[in-house]
Amino acid sequence: MADSLARRTIILRVDGENPESEKISVAAEIIRKGGLVAFPTETVYGLGADALNPNAVKGIYLAKMRPLDNPIIVHVANREDVYRLAAEVPRAAEKLMETFWPGPLTLVLKASNIVPRITTGGLDTVAIRMPRHKVALALIRVSERPIAAPSANLAGRPSPTLAEHVIRDLYGRIDAIIDAGPTNIGVESTVLDLTQDPPQILRPGGVTYEDLRDVLGRVSIHPAAASISEIHIRYARSPGMKHKHYAPRAEMVVVEGDLETIIRKVRDLAEQYTRAGRKVGILATDESMQKYSSGIVKSLGSRSNLAIAARNLFRLLREFDEEGVDVIIAEGVPEEGLGLAIMNRLRRAAGYNIIKAE
Ligand code: TXA
Ligand code: MG
């Protein structure tokens, strides 16, 4: 049966460093007409539409099968737009924009009345960020629209760090995909709520807690953002918190503790699952990967360079799925720097199926 959402998807291969202006114009024209364009940012690929066009934004929710109460980040290419989209821009926001923009920091501010309710998921706040990727910035500039863009995956799946991931999830459901190769950071932006005092991290991401604390002095972290169990919050500040997320098709477990005990526990589990006839994937690190003799072992990279681990994370989760793994056993990493964002994604990908190794 024909899918009523079916669209013809064009793929535009673009040079990430020197985006070809003809190709950007094609994509920008689609945005201006209310269409859907997937494009790279420095964090993950986004699925963009004109943030001020409610019908266009509705298309994002339909294409991703995203719950309508989950608001979408608005991407801008200049700071003036922030003053149009937000009703109030506190001094702290200005300081953060000066320090971290363009970059992986999203600011939640009181929304002005030009922002459609569908973009904010019905909230009276709007999340805004200026990405640090030439293709993303060019697309926003040439389309002359602020661009609403969630990650360009089907709702619930790992975020896309390659155009191939977008093709797999959304080909035939959107109008265009701009392919400029792998994204650099690999986890999404940090979402910081500036309508609270002190500002609160709703989602840890590419800008670390430590970085924010250095600039702001005081920053809090929403309990769900660093949680080791699912928190059922009736009023989730960030609706994204309460939805299933990042999930590979395989069952997944995260093993936490110090490295020696993690390795012992992962070995035990891998042997048990293998004996039970299940195909096992182990998400290890360079320091540990030689220690495993059963299962398909993939390394995030070195524990001493979590930037690389963040870059590899979502791709490796998707690779395990492609290889038909039944269960993924993932090693935990320390929750410092980017480790906080990595652990948030791993725990949620595992549906909070966490084992404390001891
Ligand atoms: O790096 C990123 O942030 C990527 C790229 C494409 O920019 N985008 C992204 O969007 O990850 P998405 O929709 O997958 O995640 C946005 C998160 C969700 O958890 C959503 O609930 C939260 O931000 N959010 C958006 N607007 C909000 C608001 N007004 N108040 C609180 N949380 C908000
Ligand atoms: Mg997402």
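A salt bridge is counted where a side-chain nitrogen of Lys or Arg comes within 4 Å of a carboxyl oxygen of Asp or Glu. In this predicted model, the side chains of Glu-94 and Arg-91 meet that description, with 3.3 Å from N to O, and the structure as a whole holds 22 salt bridges. The chain is assigned two domains, domain 1 covering residues 10–226 and domain 2 covering residues 251–356, and the points below take up how these domains meet, what surrounds ligand 1, and a few details of the backbone.

**The two domains and their contact**

- The C-alpha centres of domain 1 and domain 2 are 28 Å apart, and the contact between them draws on 28 residues from domain 1 and 20 residues from domain 2.
- The size of an interface is often expressed as the accessible area that is lost when the parts come together.
- For domain 1 and domain 2 the buried area is about 1,800 Å², and carbon and sulfur atoms contribute 53% of that area.
- On the domain 1 side, Pro-158, Val-187 and Pro-204 together supply 26% of the area that this domain buries against domain 2, which is more than any other three residues supply.

**Polar and charged links between the domains**

- Between domain 1 and domain 2 there are 10 residue pairs in polar contact, counting pairs in which both residues have pLDDT 80 or more.
- Two elements, helix 6 (163–170) and helix 7 (209–216), each give two or more residues to the side of domain 1 that touches domain 2, and helix 6 gives the most, with 3 residues.
- When the residues on that side of domain 1 are sorted by character, they divide into 11 nonpolar, 11 polar and 6 charged.
- The count of salt bridges between domain 1 and domain 2 is 4.
- Elsewhere in the list of charged pairs, the side chains of Glu-188 and Arg-345 form a salt bridge with a distance of 2.7 Å from N to O.

**The surroundings of ligand 1**

- There are 27 residues around ligand 1, and those that come nearest are Thr-43, Arg-66, Asn-70, His-75 and Ser-189.
- In the side chain of Thr-43, an N or O atom is 2.6 Å from an oxygen atom of ligand 1, and a polar side-chain atom of Asn-70 likewise lies 2.6 Å from an oxygen atom of the ligand.
- Ser-151 also has a side-chain N or O atom placed 2.9 Å from an oxygen atom of ligand 1.

**Helix 4 and the loop that follows**

- Glu-94 and Arg-91, the pair named at the start, both belong to helix 4 (residues 91–100), where they are 3 residues apart, or about one turn of the helix.
- The peptide bond from Trp-101 to Pro-102 is cis, with omega near -10°, and Pro-102 is found in the loop between helix 4 and strand 5 (105–110).

**Other backbone details**

- Asp-197 and Pro-198 are likewise joined by a cis peptide bond, for which omega is about -5°, and Pro-198 sits in the loop between strand 9 (190–193) and strand 10 (200–203).
- Met-65 has a phi angle near 60°, which is a positive value in a residue other than glycine, and Met-65 lies in the loop that runs between helix 2 (54–64) and strand 4 (74–75).

How values were computed:
Residues are numbered from 1 along each chain as its sequence is written. Chains are lettered from A and ligands numbered from 1 in the order in which they are written. This is a predicted model: local features need pLDDT of at least 70, side-chain atom pairs count only at pLDDT 80 or more; totals for chains, interfaces and linings use all residues. Side-chain values use heavy atoms; hydrogens and water are left out. Domain bounds come from an automatic or database domain assignment. Contact means heavy atoms within 4.5 Å. Buried area is the accessible area (1.4 Å probe) that two parts lose on being put together, summed over both. A polar contact is a pair of N or O atoms within 3.5 Å; within protein, one must be able to donate a hydrogen and the other to accept it, and residues adjacent in sequence count only if both atoms are side-chain atoms. Helices (H or I, at least four residues) and strands (E, at least two) are DSSP runs, numbered from the N terminus. Ala, Val, Leu, Ile, Met, Phe, Trp, Tyr, Cys and Pro count as nonpolar, Asp, Glu, Lys and Arg as charged, and the others, Gly among them, as polar. A residue is near a molecule or strand if one of its heavy atoms lies within 4 Å of it.
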